[in-house]
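Q: Please take a close look at one part of the surface here. Then go on to the cysteines, one serine and the aromatic rings, and give the reasoning where a cut-off decides the matter.

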Amino acid sequence: MNENTVAELFLSFASLFYRPCQDISEHLEELIDVWREELIIPDAKIAELSRFCIDYPAGTARLNALWEHYIPLFETGAVEAPPYASVYFSEDGLVMGPEAFAVQHVYETAGYGMGEKAENLPDHLAVELEFAALLARDGEEERLEEFRQKHLLPFLSKILPLIRETHRPVYAQAAEILENWQLNLKKEGDSVG
């Protein structure tokens with residue numbers, strides 16, 4: 001898999017795990033097509049994702065359906081899968097723990113700053129996936145592999161099973177697809193792509 005494809009895949013998952021927006025809602029079919037073309041995905045998963053797109057055509061209904069599942073999954077109440085790595089790797093299980101500062105340092109060392117007005121914390125799932133996309137896009141293979149091994153894969157191994165277990169439309173399927181792509185590579189000792 002070439003670096004542009006790897007970057008596109010990481011970015012597709014990042015865009016889905018950010019807060020729902022009209023743009024992603026309207027282009028969900030395109031994300032599914034990218035996954036289908038580039039990754040090995042069981043037909044049943046594609047069928048589940050396609051069913052969601054049919055049941056909720058692009059527009060307000062789809063965006064609302066994404067929000068309906070995103071909020072309890074990642075944001076409020078008894079959050080089902082906190083999207084911050086610090087929660088999983090700090091003794092107290094709180095946001096903005098040492099892992100957040102560690103990944104922020106990795107971003108800065110690589111020349112990528114988040115800026116003062118960043119909407120998400122550095123260890124948010126979508127931010128880490130987007131950083132991986134930037135490294136792939138820029139041909140930073142060694143830095144990407146180091147980031148994957150030290151930060152991204154340990155985080156994915158904690159959060160993706162939680163997301164899958166919720167059976168929330170789109171998110172559970174995306175988590176399983178991402179898990180198969182990234183964590184199975186780790187088990188096989190393969191490279192990113």
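**A nonpolar patch, then the side chains**

A: Val95, Met96 and Phe101 make a nonpolar surface patch of about 260 Å². The model is predicted. Take Phe101 from that patch. Phe101 sits in helix α7, which covers residues 98-109. Its relative accessibility is 48%. Exposed would need over 50%, and buried would need under 20%. Phe101 is therefore partly exposed. A patch residue needs over 30% relative accessible area, and Phe101 has 48%.

Next, the cysteines. The structure holds zero disulfides. Why does Cys21 have no bond to Cys53? A disulfide needs two cysteine sulfur atoms within 2.5 Å. The closest cysteine sulfur to that of Cys21 belongs to Cys53, and it is 14 Å away, so it is too far for a bond. Seen from the other end, Cys53 is in no disulfide either, with the sulfur of Cys21 as its nearest at 14 Å. The surroundings of the two can be put side by side. Cys21 has 32% relative accessibility and so counts as partly exposed. Cys53 has a relative accessible area of 9%, so Cys53 is buried.

Now the serine. Ser12 belongs to helix α1, residues 3-17. Is Ser12 buried or exposed? Its relative accessible area is 5%, so Ser12 is buried. The buried cut-off is under 20%. Which residues touch Ser12, once its neighbours within four places in sequence are left aside? Leu31 and Trp35 are in contact with Ser12.

Last, the rings. A pair of aromatic rings is described by the distance of the centres and the angle of the planes. With a limit of 6.5 Å between ring centres, the count comes to 15 aromatic pairs. One of them joins Phe52 and Tyr56. The centres of these two rings are 4.9 Å apart, and the planes meet at 40°. Stacked needs under 30 degrees and edge-to-face over 60, so the Phe52 and Tyr56 pair counts as tilted. What about cover over the two partners? Phe52 is buried, because its relative accessibility is 5%. Tyr56 has 32% relative accessibility, so Tyr56 is partly exposed. The pair thus joins a buried ring residue to a partly exposed one.

Aromatic residues also group beyond pairs. Phe17, Trp67, Tyr70, Phe74 and Tyr171 form one aromatic cluster. In that cluster, Phe17 also falls within the residue range of helix α1, 3-17, the helix that holds Ser12.

Terms used
Residues are numbered from 1 along each chain as its sequence is written. This is a predicted model: local features need pLDDT of at least 70, side-chain atom pairs count only at pLDDT 80 or more; totals for chains, interfaces and linings use all residues. Side-chain values use heavy atoms; hydrogens and water are left out. Patches are made of residues with over 30% relative accessible area and no salt bridge: like charges are joined within 9 Å, nonpolar side chains (Val, Leu, Ile, Met, Phe, Trp, Tyr) within 5 Å. Accessible areas come from the Shrake-Rupley method with a 1.4 Å probe; for residues, only the protein chains shown count as cover. A salt bridge is a side-chain nitrogen of Lys or Arg within 4 Å of a carboxyl oxygen of Asp or Glu. Helices (H or I, at least four residues) and strands (E, at least two) are DSSP runs, numbered from the N terminus. Buried means under 20% relative accessible area, exposed over 50%, partly exposed in between (1.4 Å probe, protein chains only). Contact means heavy atoms within 4.5 Å. Rings of Phe, Tyr and Trp (its six-membered ring) pair if their centres lie within 6.5 Å; planes under 30 degrees apart count as stacked, over 60 as edge-to-face and the rest as tilted.
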